Structure formats: structure tokens, C-alpha cells
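Let's take a walk through this fold together, one piece at a time. Have the sequence and the 3D view open as you read.

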Amino acid sequence: MGNIPLGKSVKSPLSIIKNIINVADTDKGKTFKNKEVNGKIDKDFNQGHLGDCALLSTLYGFSRTKEGAQAIEDALVELTDDAGDVTGYQVTFDKGDDDKNNDEIYTITKQELEAAKNGTNGRQYSKGDDDVTLLELALEKSFNQSQDPVLRNLVDNYTSVNADDKLNGVNPASVTYLFTGDVSANYLVRPEDNISGRFTPVLDIEVQDSNGETVKFQNGVTYKMSMATDASYVQARNLQTDETIKLGYNDFISKVLKPDAQKSKEDTQKLFDNFNPNEEMLLFATSTGNVIIGKSSDGSPVTGVDVKGSDGNNVQLIAPHAYAVKSISNGVVSLMDPNDSSKVIQVKQESLLGLEKFHAYSLPVE
């Protein structure tokens, strides 16, 4: 998962229009001839092999809010030919804006959807809920084709795992932006000691650089991190200004990452305390795993972390992996695993917050 700059985004005037044919009635409460697609995420689904756990968890959490469920239903329209047979679907991302010039519209043919479900196009998409697979395909098209500068910034600069596969390690904000136009959500990051990738502090941190001058890591600003081969120093490039901060490795760990981690833990606690699943989506993502908990379908090891379940026994969570928070009650967090959305994993809240490395992403949906 990548990091996002905090703050309200600016609407893009750009519009992507794709192959609109025989558009069906778009009124709320629309009906679909193909009963496998109904404009709702209401069936169990299983993640494929695309590494898009964050995308699927975001869709699930978003769909459980009242406004999110309506936004998803409004986005999907069934397409038919002159004989009334279903030929595909139109997916419209309106970014929460009434201005149709901002809309992005994509067509997913019936053949595309079937190929994705069956894996015959060479990629393993999710299975179980056709609405989820349909949105997966439409989001992938948007991430690859959109010229919206806000979305391009999120997809190109803040996707954490694989720059060539836009679904792999997608930033949750890329998904919510297309539906709501908003990226002003909490995105809280616990640090990792292998200093690379991107880092977005959640508070201002002043520190002395390698020249003894006082410099500031700014709250909500993302820095591209790199480390000397001998681990003697770290360089942090401000992605807004292109200015670079250079400081000793130990100083970065003790004076930048650790204070930021404590702040992240406190803020994540607030997210947990105030979570309302009817009005807000909340993701919890583990980071680097420290134990081997199984093997994937290709035989590679699956890593994880141990946490305490609601009964006090150890529960293993995949790491890295994103989960949707379904509910929080009496100190127990119920997590939805996109590998199998029918599974609910109940974990003690204090155990999650005690992890060394994690991410939390929250978006109020109004």
C-alpha cells in the first residue's frame, strides 16, 4: 500500500468516455436482466492472484456504508443490444460531482467479465460476486487510462507494490477518489526499518540533518526514501518540492520514524474508538510478516504475524495484507479477509495496535 497526501483534492475537468451503447435506465433501484450483477456487493467473494487486497477491502467497506452502497449501484448500468440481450456493462465514476464533464465512463463487455471470472485472459481476478469482478475490471481500466491529474498522482506515485500492475498494492484513495472525489482521509503509517519506498509522516518532525542544520519532515507530505548501501545515511526526497533531506540512519530511526509511529498508534486508536460502519469505511493492513504461515498456489511462502483473537488464543494474519474492518465492539475488532469474504476474523484491539508495523485508512462517507 502507498501513502497519500492529506487534504482535499481538486476536481479534474477531464473526462474519459468509452464505447457507450444502448444505455439502460439509470434511475435508482434499477433492475438487471443478468441476476449475477445487481449493482450490489452482497455475495461472498474470493481474491484472485492480483495482489489487490486493498482494492477489494476498500470496495467491501465502502459498499457497507449507506452512501457507498448507493454510489456503487448508481455506477453500474446494464447494456443490451437491439434484441434485448445483455452485451456488457457501463461503469461510471462520477467522483462525487454532478458535473458530467468530470465523469469517467468505461465499458466492460460480457465476454470480458466471463474471461475475468474464468481466468482465461491470463489474470486471476476475484470470484464469487460478479459486481466485485466488474468493478475490478473497470477500476483497472481507469488506473491505466485515466488522465485525471489527481488520480494519476495517486496511481503513479502512491501505489506501493508494483508500478507495472496498477491493481497490485493499489492505494485505497485511488478507489474512493473515483466514487467520491475525496482523498482527504486519514492514512496512518507505521514505520519500517528497511528504509525504502515512500514515507508520509502524520505530524511535523524537526531533526538535524547530516550538516547539522535543522530540517523539518512535514505532516502529510510524502517523501521518497533511499538508503546508502552501507546503511550509514538516509535520503528523503520531498515529492512536492523535490528537495532532499540527508541524515544519519540512526537519527532517522530514532528521531523521525519512532515519534511518527507513536502518533500513528494514538490516531489509529481514535479511528477505532469512533468507527461507525454505516457512515465510514475503515481498512487495517498488516505490513511485513515475521512468521511463515503457509504456501501460496505457486508454492511461495505466505508470511504473517501473530495477534490475539477474541478468545485470547493466537490468530495469524497474513502480512502484508489488507482487511476491511466490519465492526468494533468491546475491544474486539472484526476483520473481513478479501481472500474469503465469508470469513470474519475477531482480534483483540490492543493486539492489533501492538503490532510493530501496520497501516490504517479511514474515509467518512457522507
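Strands β12 (residues 280–286) and β16 (residues 321–329) run antiparallel to one another and are held in register by four bridges. Look for F284, which sits opposite Y323 of β16. Keep in mind that this is a predicted model, so everything here is read from computed coordinates.

Now stay on β16 and look at strand β17 (residues 332–337): these two also pair in the antiparallel sense, this time over five bridges. One of the spots to check is I328, whose bridge partner in β17 is V333. Together β16 and β17 make a hairpin, with two residues between the strands. In that turn you'll find N330, which has a positive phi of about 55 degrees.

There's also an open sheet of three strands, ordered β13-β14-β15 and paired antiparallel. Why does one side of β13 (291–295) and of β15 (314–318) have no neighbour in the sheet? Both stand at the edges with a single partner strand each, so one side is left free of a sheet neighbour. On average, neighbouring strands here are turned by 50 degrees against each other, ignoring direction. Strand β14 (residues 301–308) pairs with β15 over five antiparallel bridges, and D306 has Q316 in β15 as its bridge partner.

On to the nonpolar interior. The largest nonpolar core has 50 residues, and L55, F143 and F179 have the most contacts inside it. If you set aside neighbours within four places in sequence, L55 touches E136, L139, F143, L167, V170 and V175. A second core, separate from that one, has 20 residues, including V305, L353, L355 and F358.

Next, the aromatics. How many aromatic pairs are there? The count comes to eight. One of them joins F62 and F179, with 5.2 Å centre to centre and 40 degrees between the planes, which makes it a tilted pair. This pair ties together distant parts of the chain: F62 belongs to helix α1 (residues 53–63) and F179 to helix α6 (residues 172–180), 117 residues apart. Are these two residues buried or exposed? Both F62 and F179 are buried. Ring pairs also link F62 and F179 with F93 and Y106 into a cluster.

One last stop is a charge over a ring: K246 lies over the face of Y233, 4.2 Å from the ring centre.

Conventions: Residues are numbered from 1 along each chain as its sequence is written. This is a predicted model: local features need pLDDT of at least 70, side-chain atom pairs count only at pLDDT 80 or more; totals for chains, interfaces and linings use all residues. Side-chain values use heavy atoms; hydrogens and water are left out. Rings of Phe, Tyr and Trp (its six-membered ring) pair if their centres lie within 6.5 Å; planes under 30 degrees apart count as stacked, over 60 as edge-to-face and the rest as tilted. Buried means under 20% relative accessible area, exposed over 50%, partly exposed in between (1.4 Å probe, protein chains only). A charge sits over a ring if NZ of Lys or CZ of Arg is within 6 Å of the ring centre and within 35 degrees of the ring normal. Two strands pair if DSSP finds at least two bridges between them. A nonpolar core is a set of buried Ala, Val, Leu, Ile, Met, Phe, Trp, Tyr and Cys residues joined through side-chain atoms within 4.5 Å. Contact means heavy atoms within 4.5 Å. Axes are lines fitted to C-alpha atoms, for helices over the stretch in contact, and angles run from 0 to 180 degrees between N-to-C directions.
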